[in-house]
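Reader: I would like a close look at a single part of this model. Please keep the cut-offs explicit.

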Amino acid sequence: QVQLVESGGGLVQAGGSLRLSCAASGRTASDYALGWFRQAPGKEREFVAAINWNGQRSNLADSVKGRFTISRDNAKNTVYLQMNSLKPEDTAVYYCAATPCMVGCGYDYWGQGTQVTASS
């Protein structure tokens, strides 16, 4: 079992920045790749970013490349999503999730989510 707790969401003006954190706990948490997803009202959940277990490989959705960065600190069992140049269309609930592998595996564990609102 892996438990995930997100924090760092909030309200920010368009163009501003936020950093989301996701604390992972559980016996094998550091073995998992970690990802961020988001879901806006009335829309399906979409992939945002993912990072492998040692932080050496990452993927970002095209919509956030150049603005968002994903990183992890295994000493703290925490993954971060640095979000810069936020746009109103980034407004969503952001979820942290854990997967055994970055390609071909589903996400087995999910956090409760944190709200991000970028106002125009």
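Which side chain of opposite charge is nearest to Arg-72, and how many Å away is it?

Author: The model is predicted, so local features need pLDDT of at least 70 and side-chain atom pairs count only at pLDDT 80 or more, while totals for chains, interfaces and linings use all residues. Residues are numbered from 1 along each chain as its sequence is written, and side-chain values use heavy atoms, with hydrogens and water left out.

The nearest side chain of opposite charge is that of Asp-31, 7.9 Å from Arg-72. Lys and Arg count as positive, Asp and Glu as negative, and His and the chain ends are not counted. Arg-72 has no salt bridge (a side-chain nitrogen of Lys or Arg within 4 Å of a carboxyl oxygen of Asp or Glu), although Arg-72 is buried (under 20% relative accessible area, 1.4 Å probe, protein chains only).

Arg-72 lies in strand S7, residues 68-73 (strands are DSSP runs of E, at least two residues, numbered from the N terminus). Its side chain has a polar contact of 2.8 Å with the side chain of Asn-74 (N or O atoms within 3.5 Å, one able to donate a hydrogen and the other to accept it; residues adjacent in sequence count only if both atoms are side-chain atoms). The side chain of Arg-72 also reaches the backbone oxygen of Asn-52 at 2.9 Å.

Leaving out residues up to four places away in sequence, Arg-72 touches residues including Leu-34, Ile-51 and Gly-55 (heavy atoms within 4.5 Å). Leu-34 has Ile-51 in S5 as its bridge partner. Gly-55 sits in the turn of the S5 and S6 hairpin, with a positive phi of about 80°.

Definitions and conventions:
Helices (H or I, at least four residues) and strands (E, at least two) are DSSP runs, numbered from the N terminus. Buried means under 20% relative accessible area, exposed over 50%, partly exposed in between (1.4 Å probe, protein chains only). Two strands pair if DSSP finds at least two bridges between them.
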